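Here are my notes on the model, as promised. Have it open while you read, and shout if anything looks off.

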Amino acid sequence: MRKWKKWATVSLLTLIAAGCSPGGPEETSEAGAGGEGSGKGQTTIRFSWWGNDERHDLTQEMLDLFEEEHPDITVEAEFTGWDSYWERLTTQAAGDNLPAVVQMDNSKLTEYISNDLALDLNTMIEEGTINMEDVNDVYQDMLVVDGNTYAISGGSNGLATIYNQDLFEEYNINLEPGYTYEELGQEMARVSEAEGEGFWGYDFVKADYETFRHYARQFDQHFYNEEGTGVGFEKQVLQDFLTTVTTWIDEGIATPYDVTAEVNESGESMVANEEAAIASAASNGLVGVQTLAEADLGLNVMPTAADGEKSGNWVRPSMSFMISSNVSEAKQEAAAELIDFITNNEEANQILRAERGVPIASDIRESLAGEVDPTVQETFEFLEVLEERAGDPEPLPPPGESEVRAAFDRMLESVKYDEMSIEEGVDSFVQEAEQILNQ
């Protein structure tokens with residue numbers, strides 16, 4: 001297991017070399033000795049998240065309401081984009097200066113747990129400070145490690161396909177849950193040929209890593225082994241997946257890598273631009289993609305690998321809220337009240353509008369069902385379908401997941417560009433993944 005201080009120090013030195021100081025203009029400090037504000041009994045906590053301007057505005061509006069209803073707590077907001085967010089958290093962790101509430105990604109949480117930076121929330125849940133009585137375990141299971149709860153889901157999603165409903169109706173395409181990769185390929189070949197040059201049926205949009213995790217689970221295999229020291233799938237399973245990927249690209253069914261890379265860099269959506277019929281994505285991604293599209297878009301489950309019976313999907317937190325273990329008990333208590341407010345307060349969720357994913361409390365979902373717009377409502381309905389089909393939750397990935405994912409993407413690029421064979425790509429990736437996970 002890699003030590004946090006060593007990892008954080010290397011990252012910190014990188015920031016300094018780039019001309020960034022550990023503080024910087026985005027940092028905020030806690031008021032007063034012990035973190036108390038100027039008012040009697042006032043507790044000031046910091047809350048950090050990543051996201052776009054819409055998320056910032058909605059979250060700040062929700063925080064204003066929270067402070068109105070909790071006049072003894074002041075919340076200082078820290079927000080930024082994805083890349084700089086993690087750099088700043090690394091710096092704060094190295095200086096024992098993490099915010100009280102940290103918006104956390106599934107791929108990063110294990111790093112914080114393994115370095116004792118994430119507070120176990122079981123006591124706060126048992127005491128009712130964070131009320132989870134209205135939350136089905138399926139929405140939280142991924143965040144429970146060895147019986148300890150290290151974060152609360154800020155909204156749920158699942159891996160899905162986003163598709164152009166208008167185009168599907170035009171070509172009379174009806175892919176019922178349980179449809180296979182073979183059936184999807186046949187339909188997308190038909191659409192690709194009919195639409196002509198510059199159009200592809202399926203757009204990978206660099207979602208291959210998540211898609212393969214789903215694919216492997218259909219064979220009762222996982223991306224990582226239980227120890228977190230290597231991969232948990234047979235090489236043949238990855239070879240078969242890559243064979244489908246490269247065949248679809250060669251036959252013009254799916255986007256070639258250079259097109260996918262260009263779209264990813266631009267931040268556009270080929271489905272929204274009507275350059276592709278369908279793409280893999282997180283289910284809550286429909287909300288953003290629909291705003292870019294003129295056509296009506298929809299959600300469907302992922303294809304199955306063979307017989308159409310087994311789903312590789314699971315309900316997962318789109319993101320979660322962690323409480324830092326290195327802040328005072330008073331701040332931890334205030335942080336728990338904020339997370340409970342986000343989870344269970346109806347007015348707060350009317351403000352947030354399920355932008356972080358489907359709310360995990362059933363009463364909140366029901367109260368919002370008639371108020372959210374049809375696109376958001378579709379993400380709610382998709383989660384209901386997914387609950388019925390979902391398997392056991394995928395364990396949190398081990399430390400080093402971000403590096404493994406990057407290695408997977410590099411391997412895919414080489415295979416898609418025919419710089420190495422599928423077998424060579426699989427062998428090299430497995431070897432590199434094991435090296436990363438055993439540092």
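1. Strand β12 (residues 297-300) is covered on both faces. Leu-297 and Leu-299 are buried on one side, and Gly-298 and Asn-300 are buried on the other. Buried here is under 20% relative accessible area, exposed is over 50%, and partly exposed is in between (1.4 Å probe, protein chains only). Strands are DSSP runs of E with at least two residues, helices are runs of H or I with at least four, and both are numbered from the N terminus.

2. Before going further, the ground rules: this is a predicted model, where local features need pLDDT of at least 70 and side-chain atom pairs count only at pLDDT 80 or more, while totals for chains, interfaces and linings use all residues. Residues are numbered from 1 along each chain as its sequence is written, and side-chain values use heavy atoms, with hydrogens and water left out.

3. What is the order of the open sheet of 4 strands? It runs β8-β11-β7-β12, with mixed pairing. The edge strands, each pairing on one side only, are β8 (200-203) and β12. From one strand to the next, the twist averages 20 degrees. Two strands count as paired if DSSP finds at least two bridges between them.

4. β12 pairs with strand β7 (residues 159-164) in the antiparallel sense, over 4 bridges. To find the register, look at Tyr-163, whose bridge partner in β12 is Gly-298, and at Thr-161, whose partner there is Asn-300.

5. Thr-161 lies in strand β7 and is worth a click. Is Thr-161 buried or exposed? Its relative accessible area is 0%, so Thr-161 counts as buried. Beyond its neighbours within four places in sequence, Thr-161 is in contact (heavy atoms within 4.5 Å) with residues including Tyr-179, Ile-278, Ala-279, Ser-280, Leu-299 and Asn-300.

6. Helix α11 (residues 285-292) lies across β7, β11 (276-282) and β12. The helix runs at about 155 degrees to β12. Axes are lines fitted to C-alpha atoms, for helices over the stretch in contact, and angles run from 0 to 180 degrees between N-to-C directions.

7. On the chain as a whole: there are 17 helices and 13 strands, and 55% of the 439 residues count as buried. Of the contacts between residues at least 6 apart in sequence, 77% join residues at least 24 apart.

8. Now the empty space. On a 1 Å grid over the protein atoms alone, a cavity is a set of points where a 1.4 Å probe fits but cannot get out, and a pocket is an open set with protein on both sides within 12 Å along at least five of seven lines; lining residues have an atom within 4 Å of a point. The structure holds 3 cavities of 30 Å³ or more, and the largest has a volume of about 140 Å³. Volume means the space filled by probe spheres set on the points, with grid points joined across faces, edges and corners.

9. The largest cavity is lined by 13 residues, and Gly-154, Gly-155, Ile-342, Asn-349 and Pro-359 lie nearest its centre. β6 (152-157), α12 (329-344) and α13 (346-352) each give two or more residues to this lining, with the largest share, 3 residues, coming from β6.

10. The second largest pocket encloses about 720 Å³ of space. Among its 28 lining residues, Glu-226, Glu-227, Gly-228, Leu-396 and Pro-398 are the closest to its centre.
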